[in-house]
Every structure is written in structure tokens, then in C-alpha cells.
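Please look over the sequence and the structure shown here before reading on. The briefing afterwards goes through the fold, the core, the charged pairs and the surface in turn.

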Amino acid sequence: MRKGPYFVIQAVLSLFITTMIWYMSINFLDVAVNTEELSGTLLSPFIVLLIGGVFYLALTIVYIIIGAKRLDDWRPWVIAVNIVIHIVMFGLGFLTSTLFAAFSIAYFGGPQLLQ
């Protein structure tokens, strides 16, 4: 596989996964804030985000390992590009999930936290 398609696929998958991680955190925060039973639990939205972040970090490492074996003309700088892509997509995932949450509020009555 060439580097261009590899990086594009990585960026798209990273954006999708981070959007879902952030959206689940927003949704869980809404449930935790609006439900009395969950207000005293240890499952805060920050722990949900932490679990998602650990999953995302593991995915990044696996993606680097797969890239090292599958890419034509692999070089060590590819690792730095992978990390930069994942950091940028983590931030864009937050923006995308906020937009997705706003649409879900408007059309489906989604997370009430952002209203």
C-alpha cells in the first residue's frame, strides 16, 4: 500500500472513532447529570472518556504496527505522521461530535446537556 491512501484511511477511521468516543462521553454525561441513581457512581464521563482514550491509543499503536508491515517504503517518520494525524483527529472528533449532538438535539431529542 502506498502512503497516501494509508494516511487518508487512517484519518477517516480516526475521525469516526473519536467522534463516537466524544459523543458517548457527552451522552453519558447527560445521563449522569439527569439521573439521580448515577450521580454518585464512579463511572463519571471523564472515566468513560479515559477508557475511550485508552482504546484510541491502542488503536493508534496497532495502526502503526500494521502500517510498518503493509506500507511500501516504510520509514520511521511515518510514526510521527501517524501520531500527528491521531492528535488532530482527536480534536476534530470533539468538534464533529458536538455538531452531531446538536443535530441529534434538534431532530431526535438527543443529549439534553447541550441544550
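What follows is a short briefing, grouped by topic, on a single chain.

The model is predicted, and the chain in it holds 3 helices and 0 strands. Read from the N terminus on, the elements run α-α-α. Of the 115 residues of the chain, 32% count as buried.

**Overall fold**

- Among the contacts in the chain with a separation of 6 or more, 75% are accounted for by residues that lie 24 or more positions apart.
- One pair that is distant in sequence is K69 and M1, which are 68 residues apart along the chain, while their C-alpha atoms are 9.8 Å apart in space.
- K69 is found in helix α2, and with a relative accessible area of 70% this residue is exposed, because the exposed class begins over 50%.

**The nonpolar core**

- In soluble globular proteins, nonpolar side chains tend to be buried together.
- The largest nonpolar core here has 11 residues in all, namely Y6, F7, A11, I17, I21, Y56, Y63, L71, V78, I85 and M89.
- The elements that give two or more residues to this core are α1 (3-34), α2 (45-70) and α3 (77-108), and α1 gives the most, with 5 residues.
- L71 is one of the core residues, and, when residues up to four places away in sequence are not counted, L71 touches M1, R2, K3, Y6 and V78.

**Salt bridges**

- Side chains of opposite charge can pair when their charged atoms come close.
- The structure holds 2 salt bridges, and K3, D73 and R75 are linked in a network of such bridges.
- In one of the pairs, D73 forms a salt bridge with K3, and the closest N and O atoms of the two are 3.5 Å apart.
- Because D73 lies in the loop between α2 and α3 while K3 lies in helix α1, this pair ties together parts that are 70 residues apart in sequence.
- R75 also forms a salt bridge with D73, where the closest N and O atoms are 2.9 Å apart.
- How buried or exposed are D73, K3 and R75? D73 counts as partly exposed at 45% relative accessibility, and R75 is partly exposed as well, with a relative accessible area of 41%, whereas K3 is buried, with a relative accessible area of 18%.
- The value for K3 falls in the buried class because that class covers relative accessible areas under 20%.

**The surface**

- The chain exposes about 7400 Å², and carbon and sulfur atoms supply 77% of that area.
- Which residues form a nonpolar patch on the surface? They are V84, V88, L92, F94 and L95, which together have about 430 Å² of accessible area.
- Within this patch, L95 has its place in helix α3, and at 55% relative accessibility L95 counts as exposed.

Technical notes. Residues are numbered from 1 along each chain as its sequence is written. This is a predicted model: local features need pLDDT of at least 70, side-chain atom pairs count only at pLDDT 80 or more; totals for chains, interfaces and linings use all residues. Side-chain values use heavy atoms; hydrogens and water are left out. A nonpolar core is a set of buried Ala, Val, Leu, Ile, Met, Phe, Trp, Tyr and Cys residues joined through side-chain atoms within 4.5 Å. Buried means under 20% relative accessible area, exposed over 50%, partly exposed in between (1.4 Å probe, protein chains only). Helices (H or I, at least four residues) and strands (E, at least two) are DSSP runs, numbered from the N terminus. Contact means heavy atoms within 4.5 Å. A salt bridge is a side-chain nitrogen of Lys or Arg within 4 Å of a carboxyl oxygen of Asp or Glu. Patches are made of residues with over 30% relative accessible area and no salt bridge: like charges are joined within 9 Å, nonpolar side chains (Val, Leu, Ile, Met, Phe, Trp, Tyr) within 5 Å. Accessible areas come from the Shrake-Rupley method with a 1.4 Å probe; for residues, only the protein chains shown count as cover.
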